[in-house]
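Work through the exercises below with the sequence and the 3D structure at hand. Each task is followed by a solution in steps.

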Amino acid sequence: MAVLTAEAREEILTEWMRFNQDTCATIKPDLRATIAALDDWINANAAAVNATIPQPARAQLSQSQKSSIYTNILAKRYQKGQ
Amino acid sequence: MATIRVPIFAREAIPAATNGAQHRMVEGTNYPVPSLEFDGSTSETAYFPVLVLGYGSGNLTATIGWYADTASTGNVVFGASIAAITPNTDTQDVETKAFATEVLGTDTHLGTTGQRLHEFDITINQLDSVASGDAVMLRLARKTADASDDMAGNALVTYVILAYSDT
């Protein structure tokens, strides 16, 4: 899978700004750069992340399910209120 | 010669039917804080009705009072424009009246406290032949597509003061 389109990245920025309730000292251009960098990294390392998942789950889970688990782990580790 | 200042509070404003800046009420620690919420990504608009009683001549000044929802740095760009109708004189249909050219203004978050109150002026020099006693609609829009508008999150407008000379 290729990196997200510019439109998709902009949608992430819009959604994140509406979701965020905490004080943010980062301006929009720097937020865009953050989203781009993370998307680039995810794209470059997707195969390695997938290879980390042990079998048989790696074969049984769909891409969507794997990403959902990954997202939940990040939220549990790093987001407030978790 | 004097300057007439007409305050128009957020609660008096009318959000646009499409992409309107929405009314918001925050239950602050000691009192409620009403505002109009201008999104950080989508350009949103609100309308402020005002009667320019005693208008003499010259440009109008719109002073925008606002604070940042979540940001503590960055710039906001707003556009202001007016539509003026002289009652009993203008034959213009009220419901199809167009606005004069929009004028832009930029303000910078002053930092230190994220939700501190800011004020900045937009000089409206596109006057639509405004005359004393006119029914004026002031249109205010956040210009998020402008590259200079880089403040993240909502800009919350609490009031607008329209000022003009009486001579």
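The model used here is predicted.

**Exercise 1. Classify an aromatic pair**

Task: Decide whether the rings of B:Tyr47 and B:Phe99 are stacked, tilted or edge-to-face.

Solution. Step 1: the ring centres of B:Tyr47 and B:Phe99 are 5.9 Å apart, and rings pair if their centres lie within 6.5 Å. Step 2: the planes of B:Tyr47 and B:Phe99 make an angle of 25°. Planes under 30 degrees apart count as stacked, so this pair is stacked. Step 3: find the two residues in the chain. B:Tyr47 belongs to strand 5 (residues 45-51) of chain B, while B:Phe99 is in the loop between strand 7 (75-85) and strand 8 (103-108) of chain B, so the pair ties together parts that are 52 residues apart in sequence. Step 4: check the accessibility. B:Tyr47 has 23% relative accessibility and B:Phe99 has a relative accessible area of 25%. Buried means under 20% and exposed over 50%, so B:Tyr47 is partly exposed, and B:Phe99 is partly exposed too. Step 5: look at the face of the B:Phe99 ring, where B:Arg139 lies over it at 4.2 Å from the ring centre.

**Exercise 2. A second aromatic pair**

Task: Describe the pair formed by B:Phe78 and B:Phe120, and say where its two residues lie.

Solution. Step 1: the centre-to-centre distance between B:Phe78 and B:Phe120 is 6.2 Å, with 40° between the planes. An angle that is neither under 30 nor over 60 degrees counts as tilted, so this pair is tilted. Step 2: B:Phe78 lies in strand 7 of chain B and B:Phe120 in strand 9 (residues 118-124) of chain B, 42 residues apart. Step 3: B:Phe78 and B:Phe120 are both buried. Step 4: with B:Phe38, these two residues form one aromatic cluster. Over all chains, the structure holds 5 aromatic pairs.

**Exercise 3. Read the strands of chain B**

Task: Which side chains of strand 9 of chain B point to the buried face, and how does this strand pair with strand 6?

Solution. Step 1: recall the rule. In a regular strand, side chains alternate between the two faces of the sheet. Step 2: apply it. B:His118, B:Phe120, B:Ile122 and B:Ile124 point to one face and are buried, whereas B:Glu119, B:Asp121 and B:Thr123 point to the other face and are not buried. Step 3: strand 9 of chain B pairs with strand 6 (residues 57-68) of chain B in the antiparallel sense, over 7 bridges. One example is B:Thr61, whose bridge partner in strand 9 is B:Thr123.

**Exercise 4. Order a sheet**

Task: Which strands are at the edges of the open sheet of 5 strands in chain B?

Solution. Step 1: the strand order in this sheet is 2-5-10-7-8, with antiparallel pairing. Step 2: strand 2 (14-15) and strand 8 of chain B each pair on one side only, and are the edge strands. Step 3: look inside the sheet. Strand 5 and strand 10 (residues 135-142) of chain B run antiparallel and are joined by 7 bridges. B:Ala46 stands opposite B:Leu140 in strand 10.

**Exercise 5. Compare chain A with a globule**

Task: What is the secondary structure of chain A, and how does its radius of gyration compare with that of a compact globule?

Solution. Step 1: chain A has 4 helices and 0 strands. Step 2: a compact globule of 82 residues would have a radius of gyration near 12 Å, but chain A has 15 Å. Step 3: the C-alpha trace of chain A spans about 45 × 30 × 15 Å along its principal axes. Step 4: buried residues make up 17% of the 82 residues in chain A.

Notes. Residues numbered from 1 in each chain as written. Chains lettered and ligands numbered in written order. Predicted model: local features only at pLDDT ≥ 70, side-chain atom pairs only at ≥ 80, totals over all residues. Heavy atoms only, no water. Phe/Tyr/Trp six-rings, centres within 6.5 Å; stacked < 30°, edge-to-face > 60°. Buried < 20%, exposed > 50% of the residue type's maximum accessible area, 1.4 Å probe, protein only. Lys NZ or Arg CZ within 6 Å of the ring centre and 35° of its normal. Rg over C-alpha atoms; globule rule 2.2 N^0.38 Å. Pairing = 2+ DSSP bridges.
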